[in-house]
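Trainee: Please pick a single part of this structure and look at it closely with me, and then let that part lead you on to others. I would like each term explained as we meet it.

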Amino acid sequence: MWRTLINRNFNLQRHSAKRKISSHVIINEEVKDALKNNQPVVALESTIITHGMPFPDNLHCAREVEGIVREKGAIPATIAILRGRIKVGLTSTELEDLADTSKASAIKTSRRDFGYVIANKLNGGTTVAATLIVAKQAGIQVFATGGLGGVHREAEKTFDISADLIELGKSPVAVISSGVKSILDIPKTLEYLETQGVFVATVGSNREFPAFYCRTSGCQAPYYVTDAAQAANIIKCHFEMGLTSGLLFAVPVEKEFEMSAAEMNEIIDRAMLSAKTLGISGKEITPYLLSQISALTKGSSLKTNIAFIKNNARVASEIAVKLCGLKGDSNGNIQGSGKFEGSSTTDNPPVVIGGSIVDCCIKLKGDELKFDGTIFEAKFDQHAGGVARNITEAMSKLGCSPTFISVVGNDSYGKNLRSMLSPTCSKNIHTLPEHNTAQCHVVFDRGGDCKLLIGDVDIFQEITSEMIFKHEEDIKKSPLLILDGNLTLGAMDTALETASKHNVPVFFEPTDAPVSIKPFQTNSWNAIKYISPNLLELKSIAKALNIPLENSFSTPIEEVVYIGQQLISYIPTIIVTLGLEGLVIIRRASSSDALYLPSPETSAQVQIRHYPTDRVTDLVNVSGAGDCLAGGLIVGMLSGLSEEMCVNVAFTAAHSALFSESAVPSTLFSKSHRCWGTPAKHHLLC
């Protein structure tokens, strides 16, 4: 009994209650919340961004890596120094600022450099050693990187041994990497790791230790693990012993990206000779050698580098999820399967079709807007937008990456929109060279009131029936089709007809009152099983279906109830968003029934519930709250949650968006967050 209690109360993320966090370390709220609630977190270093790749490749790679971590159900915590403050978890803007190397001027920061960088309020890319120090303080126990530093060649003459090895010997963190960098002396590095008491294992079916760009190095690791559960169990037992040393799990690069060992050895020798001739040494040697290798391989090594960084992030996330999901049995083993999944999921993802847009918000510094040719001083902010795009991003950051079908132009806006989504989500965005990416410019006065809207959304006409037909197989296999109101009438009709043909339920997010009626002008609108309008959109839909409206209601909720009681005959689940008043759900099921009911019981009694939300003050932005709410509802639905649980997930996502500069926050939360297990409070209206 006592052993069961000990296992039950074992909290991996807080195993060292006495650890001291420096006042210079700022932990992102999402990461802090995840650690507090024993959710999986994966630390990511930042020298890959500041010194490992050119801009904007480094930014795209960093965003994709964070996206992969989220897809696997963990929270990414990129660690870097910005203006002398050590950040654990970066916002999208911070990531972009750090990646722009021409402006960031970041210092490659290891243990010895912290004091200088902090005191002078500089930017710093953290090495493996520096990231280990910060991860240890923050309580993050899984760290994904490209390759570990090690014992340099001819170290017997230069004494050049990476601080990564020393730090790993005294940091209780599991590092997942593609072994150590090929430019190093791998046999001596493995000997040094043994001296430091670092556990070393390969990930796969044998003990062949990888060599960064190559799957084998000719060296053997002491152990190997075949799945995430085995790795997590080793980490758990390692820390239960109170050991303060770290662990290294070496992941071979995927076969399709492997480079020839003979070719790489020749190239490394040439790069090292060049460095020696130029007198390059110390912390400059590794970035120089990697850049030379990239040039000599004509960029092939960079592609391999990016590939194994992504793969390592995937493996690290799977281990982190298993680590946080530990449920000790009588033998202290992890319950459940933990096979490494590969880069794609076996479950059929939902499909989202709709608009991608760049929103430019212009806030005037003066009081009045006159159309007289005057230049007005204003502050400009650009953010990714589009209802379908926002919902897709929110879903991805909640651990459910849909197939997203949209269009962008072959311009900088389009490339940026693509880069902000994970590869899984962005691969079906069609780039159209002859068109501009959709844009919307919104002008606000000094008080925040909208004064002018200007949009260029002609490209949405190119989401055609033919494009949708090409994705029929995706729709056929999908558990849910999500549509926004930006589709043309023809494309809307095709999408609904395809869903109806394959018996796939449709979730329609109306987008705006004028376009909310679009589906109901088609012949297949009865494929829609879920709608999420606001009150104005609800009234427009009611008019389109010839439902009589009245004007004698004392509150918006009364009007929603009146319309909902009639509209339920047409649409099985109606979710009406009411801003600060929360939302109302009308359907023939109880609050404890699953929200995802593709074939609801039509004879059951109609129930209407109001879910109030907490009042919010000092909010930053309301533009994406509704889309994040819809994303949360959908992910909750597809996770099999009850209605009241789905609403709590949706409210938590929407609340996060209210405090974000962008429509969708740079980070949301994983499925270990407490909101997934807590029902939202509600009132039964009828």
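Mentor: Let us start at Asn546, which sits in the loop between helix H22 (535-544) and helix H23 (556-567); helices (H or I, at least four residues) and strands (E, at least two) are DSSP runs, numbered from the N terminus. The model is a predicted one, so local features need pLDDT of at least 70 and side-chain atom pairs count only at pLDDT 80 or more, while totals for chains, interfaces and linings use all residues. Residues are numbered from 1 along each chain as its sequence is written, and side-chain values use heavy atoms, with hydrogens and water left out.

The backbone at Asn546 has a positive phi of about 60°, although Asn546 is not a glycine. Asn546 counts as exposed because its relative accessibility is 69%; here buried means under 20% relative accessible area, exposed over 50%, and partly exposed in between, with a 1.4 Å probe and protein chains only.

Ser105 can be read in a similar way, for this residue also is not a glycine and has a positive phi, of about 45°. Its place is the loop between helix H6 (101-104) and strand S5 (107-109), and with a relative accessibility of 53% Ser105 counts as exposed.

A positive phi also turns up at glycines that follow helices. Gly139, with a positive phi near 90°, follows H8, and Gly242, with a positive phi of about 75°, comes just after H12. Which residues of H8 are buried? They are Val128, Ala129, Ala130, Thr131, Leu132, Ile133, Val134, Ala135 and Ala138. Because nine of the 11 residues of H8 (residues 128-138) are buried, this helix is largely enclosed by the rest of the structure.

Helix H12 (residues 228-240) lets us check a length: its 13 residues should span 18 Å at 1.5 Å a residue, and its end C-alpha atoms are 18 Å apart, which agrees. The expected span is 1.5 Å times one less than the number of residues. At the start of H12, the backbone nitrogen of Ala229 has a side-chain oxygen of Asp227 within 3.2 Å. Among the buried residues of H12 are Ala228, Asn233, Lys236, His238 and Phe239.

Another backbone feature is found at Pro56, in the loop between helix H3 (47-52) and H4, where the peptide bond from Phe55 to Pro56 is cis, with omega near 5°. Pro54 has its C-alpha atom 9.4 Å from that of Ser291, although these two residues are 237 residues apart along the chain. Ser291 itself belongs to helix H14 (residues 285-296), and its 39% relative accessibility makes Ser291 partly exposed.

Helix H4 (57-71) brings us to the empty space inside. A cavity is a set of points on a 1 Å grid, over the protein atoms alone, where a 1.4 Å probe fits but cannot get out, and its lining residues have an atom within 4 Å of a point. There are three cavities of 30 Å³ or more, and about 220 Å³ of space lies in the largest cavity, a volume being the space filled by probe spheres set on grid points that are joined across faces, edges and corners. Of the 16 residues that line the largest cavity, Arg63, Glu66, Lys397, Met420 and Ser666 are the closest to its centre. H4 gives the largest share of this lining, four residues, and H4, helix H5 (92-99) and helix H16 (387-397) each supply at least two residues.

Finally, consider the cysteines. How many disulfides does a search of the whole structure find? The search finds zero disulfides, where a disulfide is a pair of cysteine sulfur atoms within 2.5 Å. For Cys360, the nearest cysteine sulfur is that of Cys361, 6.9 Å away. Cys360 counts as buried because its relative accessibility is 3%, while Cys361, in strand S13 (residues 357-364), is partly exposed with a relative accessible area of 26%. The C-alpha atom of Cys361 is 6.3 Å from that of Gln382, 21 residues away along the chain. Cys628 counts as buried as well, at 0% relative accessibility.

Methods:
Polar contact = N/O pair within 3.5 Å; in protein donor to acceptor, adjacent residues only side chain to side chain. 1 Å grid on protein atoms, 1.4 Å probe; cavity = no way out; pocket = protein on both sides within 12 Å on 5 of 7 lines; lining within 4 Å.
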